[in-house]
Amino acid sequence: MVGFKNRYMVMEVLLDPNKEISGDDPIVVTQFNISKAIKDGILVNFGECGLASSLGSFQVKYVNPITKLCVIRASRDEYQKIWSSISMVRSIGNCPVLFNLLDLSGSIKACKTATLKCDELKFEQYKLMVGACLSADVTQHMQNCLEKIRILEQ
């Protein structure tokens with residue numbers, strides 16, 4: 001018996017510096033928001049047939065709203081279509097964004113390692129940027145997110 005062959009993409013969601021943010025609310029990065037934006041991108045660029053073929057194993061496995069990292073699973077046959085659609089996504093809701101691929105791997109174990117490393121580095125940058133204003137709630141939320149990565153399974 002052969003298992004499903006998947007690809008895991010570690011993506012960084014960046015605010016687009018070239019565009020104005022409409023509204024006072026900062027970007028809210030959730031699994032639903034990212035999944036909807038990517039599915040809409042697939043539909044626009046590849047049509048209904050492309051969307052249907054991509055949805056078999058497509059899943060946003062992990063999202064960290066503090067560091068704005070996410071892990072996306074796609075089948076080995078469809079990952080390039082999903083990746084190209086992700087690169088064409090220009091907004092989540094009303095907020096202009098860009099996606100940056102940090103790591104592409106074929107196993108969840110390698111993806112966990114890369115995600116942990118990136119998340120820890122980005123949180124250290126966040127702590128330096130915020131300084132003394134860092135609340136205990138944010139630190140606890142970050143620890144919870146790191147724990148989610150450690151127990152991430154298929």
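Helices α1 and α2 run roughly antiparallel to each other in this predicted model. The reasoning is simple: their axes cross at roughly 160°, and an angle over 145 degrees counts as roughly antiparallel. Below you will find that helix pair in more detail, then the overall layout, helix α3 and two residues worth a look.

**The α1–α2 pair**
- Helix α1 covers residues 31-54 and helix α2 covers residues 79-88, and their axes come within 8 Å.
- On the α1 side, the contact is made by Ile38, Gly41, Ile42, Asn45, Phe46, Gly50, Ser53 and Ser54.
- Helix α2 answers with Lys81, Ile82, Ser84, Ser85, Ile86 and Met88.
- By character, the residues of this contact of α1 with α2 divide into 6 nonpolar, 7 polar and 1 charged.

**Overall layout**
- You can count 4 helices and 5 strands in the protein.
- Following the sequence from its start, the elements come in the pattern β-α-β-β-α-β-β-α-α.
- Of the 154 residues in the protein, 40% are buried.
- Among contacts with a separation of 6 or more, 76% join residues 24 or more positions apart.

**Helix α3**
- Helix α3 takes in 23 residues, 108-130, and at 1.5 Å a residue it should span 33 Å.
- Its end C-alpha atoms are 32 Å apart, which agrees with that expectation.
- The buried residues of α3 are Ile108, Cys111, Ala114, Thr115, Leu116, Asp119, Lys122 and Phe123.
- Those buried residues pack against four strands and a helix: β1 (6-15), β2 (59-64), β3 (69-75) and β5 (95-105), along with α4 (136-150).
- Just after α3 comes Gly131, with a positive phi of about 70°.

**Lys68, in the loop between β2 and β3**
- Lys68 sits in the loop that links strands β2 and β3.
- Most residues other than glycine have a negative phi.
- Lys68 is not a glycine, yet its phi is positive, at about 60°.
- With a relative accessible area of 19%, Lys68 is buried, because the cut-off for buried is under 20%.

**Arg73, in strand β3**
- Arg73 belongs to strand β3.
- The relative accessibility of Arg73 is 15%, so this arginine counts as buried too.
- A polar atom of the Arg73 side chain lies 2.9 Å from the backbone oxygen of Ser57.

Technical notes
Residues are numbered from 1 along each chain as its sequence is written. This is a predicted model: local features need pLDDT of at least 70, side-chain atom pairs count only at pLDDT 80 or more; totals for chains, interfaces and linings use all residues. Side-chain values use heavy atoms; hydrogens and water are left out. The expected span of a helix is 1.5 Å times one less than its number of residues. Buried means under 20% relative accessible area, exposed over 50%, partly exposed in between (1.4 Å probe, protein chains only). Contact means heavy atoms within 4.5 Å. Axes are lines fitted to C-alpha atoms, for helices over the stretch in contact, and angles run from 0 to 180 degrees between N-to-C directions. Angles under 35 degrees count as roughly parallel, over 145 as roughly antiparallel, 65 to 115 as roughly perpendicular and the rest as oblique. Ala, Val, Leu, Ile, Met, Phe, Trp, Tyr, Cys and Pro count as nonpolar, Asp, Glu, Lys and Arg as charged, and the others, Gly among them, as polar. A polar contact is a pair of N or O atoms within 3.5 Å; within protein, one must be able to donate a hydrogen and the other to accept it, and residues adjacent in sequence count only if both atoms are side-chain atoms.
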